[in-house]
Number of protein chains: 2
Amino acid sequence: MPETSPLALLARKLSGHVALSSDDFAAVLALPCQIRTLDPSTYLLREGDPPLQCAVLLSGFAYRQKLTGEGARQIVSLHVAGEALDLQSLYLDVADHNIQTLTRAEVALVPRAALRELIQQRPAVAHAAMISVLVESSISREWTLNIGRRDAQARLAHLLCEVAMRLDAQGLAGPDGYDLPMTQEQLGDALGLTAVHVNRTLKTLESAGLIVRNRRHVRIPAWNLLRDVGDFTGRYLHIGPQHA
Amino acid sequence: MPETSPLALLARKLSGHVALSSDDFAAVLALPCQIRTLDPSTYLLREGDPPLQCAVLLSGFAYRQKLTGEGARQIVSLHVAGEALDLQSLYLDVADHNIQTLTRAEVALVPRAALRELIQQRPAVAHAAMISVLVESSISREWTLNIGRRDAQARLAHLLCEVAMRLDAQGLAGPDGYDLPMTQEQLGDALGLTAVHVNRTLKTLESAGLIVRNRRHVRIPAWNLLRDVGDFTGRYLHIGPQHA
DNA sequence: GAATTGACCTAACATAGGTCAATCAATTTT
DNA sequence: AAAATTGATTGACCTATGTTAGGTCAATTC
């Protein structure tokens, strides 16, 4: 089946957790949508706004972010191509966080009503969407643990492992590492650290031989070592079909 | 309608966000369940186990928790009476976190299959369950922000405000404050701090007149002040019906 | 090709919060 | 009621991380 629809990526992602019938699959592909190419740092949703559309990330990276009253930024989740960004606010009146592109990115904008209708009419799609939300919750819990209870080195190692594994699961990581599209300031915002300390910590990991960097490219020469330093286990990512 | 079923609390909670028909409401009440009274610190679910039942908290408090490889504990969410604890793992094969009672608590144990069936057959219930999961996700994001980007005083003030507002929304808070059922060590585990520092910070809040403590009882004499110190806004709790 | 910009990097210093250890107070057990 | 346990409190000290203030370099822009 040629992937003519821009939503093929989404359909594939959804069917990664639950078997979708070919009808279900086709219905996802048939969702109405507009394609947009967005510059880095473009807002897709702003806290306080009513969510009107559901963006699906077709290429590039995006993140969710919140600000304190004093203007400090915390990145609360990262997203790679294929993920639906607005399931989190699909049934809520007002957005509780901001969504921004990290890199230049293509998105498909699906009208909220169309997606809700699809979910209401197709239990298997609803099931898949629910799992997708639950997995995101699980990742959010692990981030809370990471930020609350691990030191800077473990935190950073953990994040690098997570990104590596998630890219790998989407077939987006080469065998020689991956391009991490975040500045050190953004890494700090994701980890609850300052950019300065991220820099120091990257240097530490590098000189310990745990990572090899070349500009934004990261290679992990000994997965087991970085995994141990980062106290990383992929279980919370719930990769693969959920049978039970 | 007399609340004969122990699940009345759950049904009320679900219908807090979405209108349920009386049929839907009755179907929730008719779920098969076993009632248990549990001691403090009893495990309801363990990381790595397959979730087989869905616990609904009828009275008392519970929390979700994760441990690092070194044994540090992070409480990742708090739960008050009326909340369903296992929607988070209802569609996942393996639990990614632990759930424990905080106080002595009564729970209703609903077989996983029964709940899934109900959700599959009643779109309004599915809708309500989804919202309940989404609200929990939103709270999780705010916790990440709180732990990652606020200092100890703001963190603690924020948590105290959140608990006050959630108890109030459930009608569980008196006009003269509430009983916070957590030890200072548990507060630390929820905030990414040590018990010692929680103690110091409580003292600071107290001597600034922002809270009044008597044993575990907390009163907030000037809501606006504590709210400002904690940089708290209740928006992320998404209290009330979601119309859109 | 000078100026500007954004990201990376470094060093010196400051501090919020952690660690350790002791004491006290309240509650439960014997 | 002694003893034991659990949690709260406090003090002295330490360290991981933040802050400030600058550098270097490469990529754009004028």
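This talk walks through a predicted model of two protein chains with DNA, starting at DNA strand C.

First, the ground rules. Local features need pLDDT of at least 70 and side-chain atom pairs pLDDT 80 or more, while totals for chains, interfaces and linings use all residues; side-chain values use heavy atoms, without hydrogens or water. Residues are numbered from 1 along each chain as its sequence is written, with chains lettered from A and ligands numbered from 1 in the order in which they are written.

Let's start with the DNA. Near means that a heavy atom of the residue lies within 4 Å of the strand. There are 17 residues around DNA strand C. Which come nearest? Gln184(A), Lys203(A), Arg216(A), Arg200(B) and Arg215(B) do. So both chains are named there, and the next question is what they touch. Of the strand C atoms within 4 Å of the protein, 73% belong to sugar or phosphate. The rest belong to bases.

Now the phosphate contacts. A polar contact is a pair of N or O atoms within 3.5 Å; within protein, one must be able to donate a hydrogen and the other to accept it, and residues adjacent in sequence count only if both atoms are side-chain atoms. Arg215(B) places a side-chain N or O atom 2.4 Å from a phosphate oxygen of strand C. For Arg216(A), that distance is 2.9 Å. For Asn199(A), it is 3.2 Å.

Which helices supply this surface? Helix H7 (195-207) of chain A and helix H7 (195-207) of chain B each give at least two residues. Helices (H or I, at least four residues) and strands (E, at least two) are DSSP runs, numbered from the N terminus. H7(A) has the largest share, 4 residues. By class, the surface has 4 nonpolar, 6 polar and 7 charged residues. Nonpolar covers Ala, Val, Leu, Ile, Met, Phe, Trp, Tyr, Cys and Pro; charged covers Asp, Glu, Lys and Arg; the others, Gly among them, are polar.

Next, helix H6 of chain B, residues 184-191. Six of its 8 residues are buried. Buried is under 20% relative accessible area, exposed over 50%, partly exposed in between, with a 1.4 Å probe and protein chains only. The buried residues include Leu187(B), Asp189(B) and Leu191(B). What do they pack against? From chain A, helix H4 (123-149). From chain B, strands E4 (61-67) and E5 (73-80), and helices H4 (123-149), H5 (152-169) and H7. Contact here means heavy atoms within 4.5 Å. After H6(B) comes Gly192(B), with a positive phi near 70 degrees.

On to a helix pair in chain A. H3 (residues 112-121) and H4 pack at about 115 degrees, axes 5 Å apart. Axes are lines fitted to C-alpha atoms, for helices over the stretch in contact, and angles run from 0 to 180 degrees between N-to-C directions. The two are therefore roughly perpendicular. That label covers 65 to 115 degrees; under 35 is roughly parallel, over 145 roughly antiparallel, the rest oblique. H3(A) brings Leu118(A), Ile119(A) and Gln121(A), and H4(A) brings Pro123(A), Val125(A), Ala126(A) and Ala129(A). That contact has 6 nonpolar, 1 polar and no charged residues.

Last, Thr101(A), in strand E6 (residues 98-101). Buried or exposed? Buried, at 0% relative accessibility. A polar side-chain atom of Thr101(A) lies 2.9 Å from the backbone nitrogen of Thr42(A). Thr101(A) also touches Ser41(A), among others. Ser41(A) has a positive phi of about 70 degrees, although not a glycine. Ser41(A) is partly exposed, at 39%.

Conventions. Lists of a residue's contacts leave out its neighbours within four places in sequence.
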